[in-house]
Amino acid sequence: MFPEIRNVGVGLISVGWMGKLHAKAYTQLPLVYPELGIRPRLVIAADTEPGRIDYAKDVLGFAEGTTDYREVLAHPEVDVVSICAPNFLHAEIGIAAAKAGKHFWVEKPVGRGIEETEAVRSAAIEAGVHSSIGFNYRHAPAVEHARELVAKGKLGRITNVRAEFMAGYSAEPNGALSWRFNRALAGSGVLGDLFSHAADLCQYVVGPISAITALTSTIHTERPKVAMGQSTHFAVIQGGEMGQVENEDYAAALVRFAAGAGGEGAVGTIESSRVAVGRDCGYRIEVYGTEGSLKWDFERMNELQVVLGRKNDEQGYTTVIGSPRYGDYSRFQPGPGCAMGFDDLKVIEAKKFLVAVTGGEQLNSNIHDAASAAAIVSAAEASAADGQWKMVPVLGGTTAAGA
Ligand SMILES: NC(=O)c1ccc[n+]([C@@H]2O[C@H](COP(=O)([O-])OP(=O)(O)OC[C@H]3O[C@@H](n4cnc5c(N)ncnc54)[C@H](O)[C@@H]3O)[C@@H](O)[C@H]2O)c1
């Protein structure tokens with residue numbers, strides 16, 4: 001028995017790493033979730049680099065390509081838009097998408113700072129379009145299980161959280177000076193890039209953050225230049241012309257959670273680097289409570305380390321492996337212990353987005369969550385500048401306590 005088919009016309013803006021993953025996710029969606037009857041159709045892709053337009057058409061399967069993103073937003077067959085451009089274009093494109101009445105799935109950090117994220121938020125609210133954000137680590141079945149354990153009170157009252165988003169993509173001093181290092185193109189550095197993911201994960205699993213103090217540093221101040229759209233931010237260039245790194249490589253923060261987030265008085269630390277030698281994707285969250293604790297690391301995405309109870313006969317953490325009991329695992333693998341991957345998280349994200357667009361529940365993070373993460377990043381930047389604690393507004397969205 002097949003459901004009624006709902007065709008959804010997809011436009012893609014920017015065919016870099018994330019653009020490719022969004023396109024793959026739309027293509028996989030009907031295979032992974034056939035009962036939804038949602039059939040994404042890849043209508044048109046935009047990129048300023050002609051080779052990437054060819055890739056979008058010849059490999060990803062888009063019917064049309066363009067160098068002007070406005071043609072994507074004006075296309076009558078486009079119902080939803082994936083915005084996978086560098087950060088400096090998020091606000092311009094997000095606002096234009098909302099005005100064109102297109103629902104959008106936009107990559108984090110949604111602009112170069114809180115003002116731009118707020119402008120996109122206002123435009124989405126005014127236009128009444130659905131928004132979805134690329135906070136993909138939420139969807140790992142082990143993270144969904146962690147969130148459930150916290151929500152059910154299995155860890156008791158949450159006392160503290162340690163989040164570390166430590167990457168090594170620019171650990172090499174001759175790593176390319178991609179758009180990520182330029183303030184006009186990216187805004188902040190690791191704060192917007194990785195710290196924002198960590199802040200979102202803390203809020204998703206435990207609840208809203210209400211105050212922060214932070215410090216930042218830049219380890220490599222010059223890097224070899226690279227042209228936009230020519231390589232990835234993992235590229236290493238020997239002997240190239242050098243340019244200035246304009247934002248931070250490293251950030252560390254102390255945070256307080258809002259009352260009600262996993263219990264009263266929870267506090268925590270968030271640390272993030274893009275130059276950590278040996279920690280390639282060490283994206284980790286640890287949650288400690290009065291009755292138990294848990295640990296998750298993206299490099300071992302399919303495992304959750306859990307202790308329940310203070311006095312166990314067997315001391316130490318139990319490794320809970322991925323299984324059909326947690327999150328959307330069963331959609332990918334029929335039995336426990338078969339690893340899922342990063343791309344699968346994007347398929348789950350595409351599903352959550354298009355379920356909302358086709359009249360179902362809003363399950364993914366939305367523009368309110370993006371604004372909330374941007375407010376935390378912005379407060380961290382301000383704190384790093386003057387050394388003071390900063391209050392953070394609680395902006396709703398789909399965080400643990402705000403759901
Ligand atoms: N969710 C995640 O885990 C995750 C991971 C990586 C990147 N991101 C985010 O995704 C976004 C894109 O990052 P990426 O790594 O895919 O970047 P990328 O550098 O791989 O690709 C960027 C693309 O944008 C194109 N572009 C530049 N100007 C354009 C314009 N005016 N119109 C259309 N296209 C244009 C470039 O040619 C390039 O193809 C960023 O906001 C980044 O923070 C999220």
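Modeller: A residue counts as near a molecule or strand if one of its heavy atoms lies within 4 Å of it. This model is predicted, so local features need pLDDT of at least 70 and side-chain atom pairs pLDDT 80 or more, while totals for chains, interfaces and linings use all residues. Residues are numbered from 1 along each chain as its sequence is written, and side-chain values use heavy atoms, with hydrogens and water left out.

Biologist: Thanks! Which residues come nearest to the ligand?

Modeller: They are S14, D47, R52, N87 and N136, out of 29 residues around the ligand.

Biologist: What makes the pair between S14 and the ligand a polar contact?

Modeller: A polar contact is a pair of N or O atoms within 3.5 Å (within protein, one must be able to donate a hydrogen and the other to accept it, and residues adjacent in sequence count only if both atoms are side-chain atoms). An N or O atom in the S14 side chain is 2.8 Å from a nitrogen atom of the ligand, so the pair qualifies. From the backbone, an N or O atom of G134 lies 2.9 Å from a ligand nitrogen atom, and one of W17 lies 3.1 Å from a ligand oxygen atom.

Biologist: How much of the ligand does the protein cover?

Modeller: On its own the ligand has 850 Å² of accessible area, and the protein covers 93% of that. Such areas come from the Shrake-Rupley method with a 1.4 Å probe; for residues, only the protein chains shown count as cover.

Biologist: Why is the ligand said to lie between domains?

Modeller: Domain bounds come from an automatic or database assignment, which gives domain 1 (6-136) and domain 2 (139-391). Both give residues to the shell around the ligand, so the ligand lies between them. The C-alpha centres of the two domains are 23 Å apart.

Biologist: What makes up the contact between the domains?

Modeller: Contact means heavy atoms within 4.5 Å, and it takes 46 residues from domain 1 and 51 from domain 2. Buried area is the accessible area (1.4 Å probe) that two parts lose on being put together, summed over both. Here that is about 4,200 Å², 66% of it on carbon and sulfur atoms. Y33, F135 and N136 supply 19% of the area that domain 1 buries against domain 2, more than any other three residues.

Biologist: What is the peptide bond from K108 to P109 like, cis or trans?

Modeller: This bond is cis, with omega near 5°.
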